[in-house]
Amino acid sequence: MTRPAAQAENLCGLIERCGGVPVRFPTLEIAARQPEAQAVQDAETGDWLIFTSSNAVDFAIPAFGGKMPGWRGARIAAVGAATADALRRAGCAVDCVPAGEFSSEGLLAEPALQQVAGLRCTIVRGVGGREKLADGLRARGAAVAYLEVYSRNRPAADIGGLRADLHAQRLAAVTATSVEALQNLVAILDGEAIERLRQIGLVVASERIGQNAEQLGFKRIAVSPQPTDAAILETLTTLLNGENSGGSN
C-alpha cells in the first residue's frame, strides 16, 4: 500500500476483511501549506473553485481559516466522487462533478464548464501537478489561478522489511493511486528489489498511472475502472485470481 499513511486505512481494512494482509509502505507524505493571503482572497471572490482531490478539500479548510463553505457565491467543482464526498462532509454544495471519468479530462467534458469565458476559476490543489485542467479552461477563455494548499514529499523509509518480502516472494501485489507514489517507490528501492517488484502484480487507479508503470518496466499491470477503494479492491482480487482485469498484462 503506497498511499500516504492517513489515507490507506480504509482500503487496508477492505483487504483484511477479504483475508489479505496489507503491507503499509507509504511513498508519499502530505504536508499542509498556507497560501498567500491575496491568493485566498482572490479564490473567495471568484466564479469557480475546482478541487482536484480530497487532500485539497482537507487542507483548504485551514487555508481558508476554517470558514468553509463561506465563499461569496463561487460555484464548486470536484474532479471525482471522493473529492465531492469530502466537500459535502465539509458542508459544501457541489455544482459539478464528472459523471463518468474521474479526472481532469472528465471534468472538462462536463456541460457546466463549457462556457467559462471571462470567468475566474481557482484550482485548489497540491504544489505542482498536471496542467491539463488549467490549459483546458484557459483555452475556453477563463482566467485560471492555483491555490496550492499542501505539498507532496517523499518520506524517509526503511526498506528492509519490503526488500525481505520481495526476496522471499511474500508480496503478491502493489497498489498505486498516483504517478508520484509509483515513481517514489521505484526511487526508494535498490536495483535487485526493483527488478523483483516489476514482476509482481500492480494495480493502478488510472490509465495514466498504468502508462507510467509500463515506462518504469512493470510487467503485470491492472487498471482499476475507478479510483475508489471498492473498485481497486475488485481489480486487485481479479488480478490475483489470474483473470483478465482489462488492464495491461
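Me: Two strands count as paired if DSSP finds at least two bridges between them. What makes E6 and strand E7 (residues 201–204) a pair?

Reply: This is a predicted model, and in it E6 and E7 are joined over 4 bridges, in the parallel sense. The cut-off is at least two bridges, so the two strands qualify as a pair. One spot to look at is valine 174, which stands opposite leucine 202 in E7.

Me: Which strands form the open sheet that E6 belongs to, and in what order?

Reply: There are 3 strands, in the order E6-E7-E8, and the pairing is parallel. At the edges are E6 and strand E8 (220–223), each pairing on one side only. From one strand to the next, the twist averages 20°.

Me: What lies across E6, E7 and E8?

Reply: That's H11, which runs at about 160° to E7. Angles here go from 0 to 180 degrees between N-to-C directions, so about 160° puts H11 and E7 in roughly opposite directions.

Me: What makes the pairing in the sheet of 5 strands mixed or parallel, and what is the order?

Reply: The order is E1-E5-E4-E2-E3, the sheet is open, and the pairing is mixed. Strands of a sheet can pair either parallel or antiparallel. The edges are strand E1 (29–32) and strand E3 (75–78), with each pairing on one side only. Twist in this sheet averages 25° from one strand to the next.

Me: How do you know that strand E2 (residues 48–51) and strand E4 (residues 120–126) pair?

Reply: Count the bridges: 4 of them link E2 and E4, in the parallel sense. At least two are needed, so E2 and E4 pair. As an example, isoleucine 50 has isoleucine 123 in E4 as its bridge partner.

Me: Which strands does helix H2 (residues 37–44) touch?

Reply: H2 packs on the sheet and touches E2, E4 and strand E5 (143–153), with its direction at about 125° to that of E5. Helix H3 (residues 54–63) also packs on the sheet, touching E1, E2, E4 and E5, and its direction makes about 100° with that of E5.

Me: Why is glutamine 169 called exposed?

Reply: Its relative accessible area is 67%. Exposed means over 50%, so glutamine 169 earns the label. You'll find glutamine 169 in the loop between H7 and E6, and it has a positive phi of about 60° although it is not a glycine.

Me: And why is glutamate 214 called partly exposed?

Reply: Glutamate 214 comes out at 44% relative accessible area. Buried is under 20% and exposed is over 50%, so 44% falls in between and glutamate 214 is partly exposed. This residue is in helix H10 (residues 207–215). Its C-alpha is 26 Å from that of alanine 5, which is 209 residues away in sequence.

Me: What is the volume of the second largest pocket, and which residues are closest to its centre?

Reply: The volume is about 500 Å³. Of the 24 lining residues, Ile15, Val21, Pro22, Ala172 and Ala173 are the closest to the centre. Helix H7 (160–167), strand E6 (173–176) and helix H11 (229–240) are the elements giving two or more residues to the lining. H11 provides the largest share, 4 residues.

Me: How do the residues of that lining divide?

Reply: Into 17 nonpolar, 5 polar and 2 charged. Ala, Val, Ile and Pro are among the types counted as nonpolar, so the five residues named for the centre belong to that class.

Conventions:
Residues are numbered from 1 along each chain as its sequence is written. This is a predicted model: local features need pLDDT of at least 70, side-chain atom pairs count only at pLDDT 80 or more; totals for chains, interfaces and linings use all residues. Side-chain values use heavy atoms; hydrogens and water are left out. On a 1 Å grid over the protein atoms alone, a cavity is a set of points where a 1.4 Å probe fits but cannot get out, and a pocket is an open set with protein on both sides within 12 Å along at least five of seven lines; lining residues have an atom within 4 Å of a point. Grid points are joined across faces, edges and corners, and a volume is the space filled by probe spheres set on the points. Contact means heavy atoms within 4.5 Å. Buried means under 20% relative accessible area, exposed over 50%, partly exposed in between (1.4 Å probe, protein chains only).
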